[in-house]
Amino acid sequence: MYRFQMRLLSAAALSALVASPIVLAQDDDDDVFVQDEIVVVGQYLYADQVNALKSPTPVIDVPQSLSIITADQILQQGFNSIGDLIDYTPGVNTSQGEGHRDAVVFRGVRSTADFYIDGVRDDVQYYRPLYNLEQVEILRGPNALLFGRGGTGGILNRVTKKATIGEVFSGYQINADTFGGVGAQFDTNFAVSDGAAIRFNAMYEGLEGHRDFYDGKRFGLNPTARFELSPATTLDLSYEYVDHERFIDRGIPTGADGEPVEAFEDIVFGDPELNTTRLEAHLFRAMLQHRFSENLKGRFSAFYGDYDKFYSNFYASSFDPSTNIVGIDGYLDTTQRQNIILSGDLIGEFQTGAIGHTIVTGIEYIDTSNDNDRFNPEWTGAADNGDVELFNVTRPLGIRNGVGINASGNRTVTRFTDLNDDTSADLEVFSAYIQDEIEISEQLDIIIGARFDSFDISVDNLDPDVSPEDRSRSRTDEEITPRLGVVYKPMENISFYGSYSESFLPASGEQFADINGDDDRLDPSEFTNLEAGLKWDFVPGLSFTAAVFEIEQRSPELDDETGGERQIFIESTIEGFEAQVQGQVTEDWFVSAGYSYLDGEQSGSDLRPRELPENMFSLWNAYQVTDQFGLGLGVTYQDESFINNNNTAILPSYARVDAAAYYDFSDDLRIQLNVENLTDEVYFPNSHSTHQATVGAPLNARITLSGRF
């Protein structure tokens, strides 16, 4: 704690020192600091559409560390996944996600559920596409006030493209990469009448990769409509269909030194036929907005999501370097989930004397039905443990469609027939929240608020081997989570802030698979965040942000010494520093640079939390050489980190260099080349557990043709 306080004081002193020259150099013309409401440069979150913060707050006035990645950046840097975005964002890194889902580590806290679409929860485990996005917002620190449970280290919100009234345009992208993958996107908007418009986005990808057997496809379409029902009322409707199938690659094992075995970089430890995932989803969204007066706006949203997911895989669960023998385990898992989410909020502005108020108040209701089952494999040749079989490490491994030759030279056959879990969960959540942004003066704002959540879950365990008294469990948790922030602006373009926030995660976890055994007796895990920072807009379109923070986690478990009669709490602390510079340095030079320092400890030990690199750095430069030709160059660096909680397996540090070049034939036609891993570095960006380290892609390129008509 003392080290963190010293860093906090040092950062504050450094911020004051850095800011001081601008005070001396301030121009008398106040217009120099006027902020344009231009979404593409990321100065403001959306003011006229739903966004993660509910109210139209300038980024410089938000007492929280956040990053915005625009559609222009996604195209320019050749991003194709959420993981690509994370690589160039400070304070966050990726986890493997078992090869079938987005998994982000927000300030040392892994999450597979803290994802949102237009501010609405999107918690199913899958790879989210980028084709229909205006921007991506990554908020760091616990966020329960606006988002409820979870959000313990941060959240990621995707802001989708909406129909635009009064405009007609169409755009497209076509791309191909050196692995053999191809893709296409289409975006068109047209007016139906003076007060209505329809927009249609669609995408197709044929997936290929650098690893044996890797292939897949995904298809998405997203028609949207906007209706201006009156000058004060708008209605947005959206339907999205997602169809995704791909090969599952869980990576390679670690060796005697605890690091991934580089000699295995070309070996896939899975079944070419049975390692696969499929997702089909139907997502319906509606947003009704009404301005009651100049000072009061209301908003109601409805979301329905129907997800059907299949996932089967084999992976390395053990490795013996002395014999070169690997243990192969696996499972088959299906999920059927239906989410209904209804929310409404009011945003009002008023004065009490000389003090201004912007109040956001709202309610939310969530109804979730989730069916999940899991089957383990049963190997005919396995000796002691029926769900693990031993194989000699070869390329290919020696198993195909569940049939292979094991390390003893015997034929072995497996199928996913051993029922491990079969649960049906029903979840109801009711929430109410209120937040007041209090303008004490032109220089000082105070943000204060709280949220109430009632989280009610019931789970039926359908496994026939479970005793009748253990088949049905339920639990209700009621939590109040506060938020407090202070923003001081000595100048219009500089803000200093401090904030305190809390969040919680129920014992049923992110995916509410079960609360059987004694788990239904556990209280939620609690998270608190203390943060201080600086935001400085040097000039319009170029900003610097920095923050120091401390996250404390308090997770319950039953005390074995008392036979589970009482709870004890396991505590951990993560502290760190983040800094980011983003925007136009000159008219021709765009830069996005980020750095983060992360430290942490598990209570009562010297062990460092897993997936917590001490230093991470990223830099992207884009330079307009001529009116038609531009270049991009970037680098991402990640320190070594531990794969497991007992700190015996390690992901080595790495640096990756990326580049881009583009040429505009006209205002409506561009050809672009993106090159990843320019130096052909062998690296391992993330993992899931000890013997599942992801092998980073070697030197590869993608060429994209994009245009408008």
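**Close-up views of a predicted model**

Counting rings of Phe, Tyr and Trp whose centres lie within 6.5 Å, one finds 22 aromatic pairs in this structure, which is a predicted model.

**View 1. The aromatic pair of F79 and Y88 is tilted.** The ring centres of F79 and Y88 are 6.0 Å apart and the two planes meet at 45°, so the pair is classed as tilted, given that planes under 30 degrees apart would count as stacked and planes over 60 as edge-to-face. Both residues of this pair, F79 and Y88, are buried.

**View 2. W536 and F538 form a tilted aromatic pair.** Here the distance from centre to centre is 4.4 Å, and the angle between the planes of W536 and F538 is 45°. The two partners can also be described by their accessibility: W536 has a relative accessibility of 6% and therefore counts as buried, while F538, with a relative accessibility of 27%, counts as partly exposed.

**View 3. Four aromatic residues belong to one cluster.** The members of this aromatic cluster are F314, W379, F391 and F416.

**View 4. Charged side chains lie over the faces of aromatic rings.** R128 is placed over the face of F115, at a distance of 4.0 Å from the ring centre. In another part of this view, K309 lies over the face of Y311, and the distance from the ring centre is 5.9 Å.

**View 5. An open sheet is built from five strands.** Following the sheet from one side to the other, the strands come in the order β1-β7-β8-β5-β6, and their pairing is mixed. The edges are formed by β1, which covers residues 66-70, and by β6, which covers residues 120-121, and each of these edge strands pairs on one side only. Strands of a sheet pair through backbone hydrogen bonds, and the pairing may be either parallel or antiparallel. Within this sheet, strand β5 (residues 115-117) and strand β8 (residues 154-160) pair in the parallel sense, with three bridges between them. Y116 stands opposite N157, a residue of β8.

**View 6. A507 sits in a loop between two strands.** The strand on one side of this loop is β24, covering residues 494-505, and the strand on the other side is β25, covering residues 525-539. A507 counts as partly exposed because its relative accessibility is 29%, a value that falls between the limits of 20% for buried and 50% for exposed. Although A507 and D477 are 30 residues apart in sequence, their C-alpha atoms are 9.4 Å apart in space.

How values were computed: Residues numbered from 1 in each chain as written. Predicted model: local features only at pLDDT ≥ 70, side-chain atom pairs only at ≥ 80, totals over all residues. Heavy atoms only, no water. Buried < 20%, exposed > 50% of the residue type's maximum accessible area, 1.4 Å probe, protein only. Lys NZ or Arg CZ within 6 Å of the ring centre and 35° of its normal. Pairing = 2+ DSSP bridges. Helix = DSSP H or I, 4+ residues; strand = E, 2+ residues; numbered from the N terminus.
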